[in-house]
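Subject: Structure for you to look at

Hello,

Here is the structure we talked about. Please open it and keep it beside you as you read my notes.

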Amino acid sequence: MDLDVLFLGTAGSSPSPRRGLPATLLRRGGDRLLVDCGEGTQRQLMRSVGLIELEEVFITHFHADHVLGLPGILKTFALRQRERPLTLHGPVGLRRLLELLAPVIGRLTFELVVVELAPNEELERDGYRIAAFATEHVAHGLGFALVEEPRPGEFDPLRARELGLTPGPDFGRLQRGEVVNGVRPDQVMGEPRRGRKVVLTGDTAPSDMTRLVAWEADLLVHEATFADEEADRAAETAHSTARQAGELAAAASVNMLALTHISPRYAGGELRDEARAAFAGPPERVIVPRDFDRVEIPFPERGEPVHVRRSESPPQPLAPQPAP
């Protein structure tokens, strides 16, 4: 099952020539989940994977740089005569926001489902869940974690044969958890294998909740609006410095840290170096992605997350991969 994160907009509160406003696309199998929708998100989609038929959009909070792309993308879907429902998830107040935007959006050709989430609320999906958690930025601000369910351990066909079973349907029944001719699945299956975890914070000051949610995450996408020299300013505005993001990632034992919400005052390299010094792990595990970069996240037994730069490989639909 493929899983990757495509960075559509990596800027802070204002865009730059090379960075658009916040938007991130999670792709798992056939599911496409958009987190935040800054101004220009639909154009960023068109420039990368196309304006795909999204089914779910997640909003972290209601600051303009995270939501002003919604009217445009909803209107474009309507102009294309979309019929499939679209679900918007976000903090308390999301319904009121959509009411205020209604005159701008106009009539839609599809059902718009609005779901307000509370911290610690989870949405069950096929093989994974989306968990909302409280952030430290504005009232009711949320981060989101995609957490896969554990997978069965590897099947040992040699051991199954030793126990008197022959290849065929019985092997499949054992892997589905059934007892076959007195042979229990735990006799021929290895230890369960953990699923993958991706955590996106949105805007936030460093917080214990983020550290707990991100524990051993394969990828943590954390804001880094300021360098450490602006730590006081970061505290005043409830944002994070790159050093703080690196320290939090180290404390949470994450595999890879991606810094986003980059202010136009920075090129990016100085924030990356600051976070790497605090992370104290392999330097390639801390990245500052640019727009249209992505991170591929294989199953843990198949390798480490990989940062794929746009210049190396233009964003494109992932090729289906068989589940192990």
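Below is what was found in it, sheet by sheet, followed by a pair of helices and a loop residue. Please keep in mind that this is a predicted model.

The eight-stranded sheet

One open sheet has 8 strands, in the order β6-β5-β4-β3-β2-β1-β14-β15, and its pairing is mixed. At its edges are β6 (112-116) and β15 (306-308), each of which pairs on one side only. On average, neighbouring strands in this sheet are turned by 20° against each other, direction ignored. Helix α4 (residues 94-105) packs on the sheet, where it touches β5 (86-90) and β6. The direction of α4 makes about 145° with that of β6.

Further in, β2 (residues 23-28) and β3 (residues 31-35) are antiparallel, with 5 bridges between them. Within this pair, Leu 25 has Leu 34 of β3 as its bridge partner.

The edge strand β15 contains His 307. This histidine has a relative accessible area of 12%. The cut-off for buried is under 20%, so His 307 counts as buried. Its side chain makes a polar contact of 2.9 Å with the side chain of Asp 293.

The seven-stranded sheet

A second open sheet is formed by 7 strands in the order β7-β8-β9-β10-β11-β12-β13, again with mixed pairing. Its edges are β7 (122-125) and β13 (286-287); each has a single partner strand, so one side of each has no neighbour in the sheet.

As a reminder, strands of a sheet pair through backbone hydrogen bonds, either parallel or antiparallel. You can follow the antiparallel case along this sheet from its β7 edge:

- β7 pairs with β8 (residues 128-134) in the antiparallel sense over 4 bridges, and Leu 123 is partnered with Ile 130 in β8.
- β8 and β9 also run antiparallel, joined by 7 bridges; here Phe 133 stands opposite Gly 143 in β9.
- β9 and β10 (residues 197-200) are antiparallel over 4 bridges, with Val 147 partnered by Lys 197 in β10.

How many of the 7 residues of β9 (residues 142-148) are buried? The count is 7 of 7, so the strand is largely enclosed by the rest of the structure. In a regular strand the side chains alternate between the two faces of the sheet. For β9, one side has Leu 142, Phe 144, Leu 146 and Glu 148, and the other has Gly 143, Ala 145 and Val 147. All of these are buried, and both faces of the strand are covered.

Two helices

Helices α9 (residues 242-251) and α10 (residues 269-279) pack at about 35°, and their axes are 7 Å apart. Their crossing is right-handed. From α9 the contact uses Ala 242, Arg 243, Gly 246, Glu 247, Ala 249 and Ala 250, and from α10 it uses Leu 271, Glu 274, Ala 275, Ala 278 and Phe 279. Sorted by class, these are 7 nonpolar, 1 polar and 3 charged residues.

A loop residue

Thr 166 sits in the loop between α5 (157-162) and α6 (169-175). Is this threonine buried or exposed? Its relative accessible area is 53%. Exposed means over 50%, so Thr 166 is exposed. Its C-alpha atom is separated by 42 Å from that of Leu 33, with the two residues 133 apart along the chain.

Regards

Key
Residues numbered from 1 in each chain as written. Predicted model: local features only at pLDDT ≥ 70, side-chain atom pairs only at ≥ 80, totals over all residues. Heavy atoms only, no water. Axes fitted to C-alpha atoms, helices over the stretch in contact; angles between N-to-C directions. Left-handed = near helix turned anticlockwise from the far one by under 90°. Contact = heavy atoms within 4.5 Å. Nonpolar A, V, L, I, M, F, W, Y, C, P; charged D, E, K, R; others polar. Buried < 20%, exposed > 50% of the residue type's maximum accessible area, 1.4 Å probe, protein only. Pairing = 2+ DSSP bridges. Polar contact = N/O pair within 3.5 Å; in protein donor to acceptor, adjacent residues only side chain to side chain.
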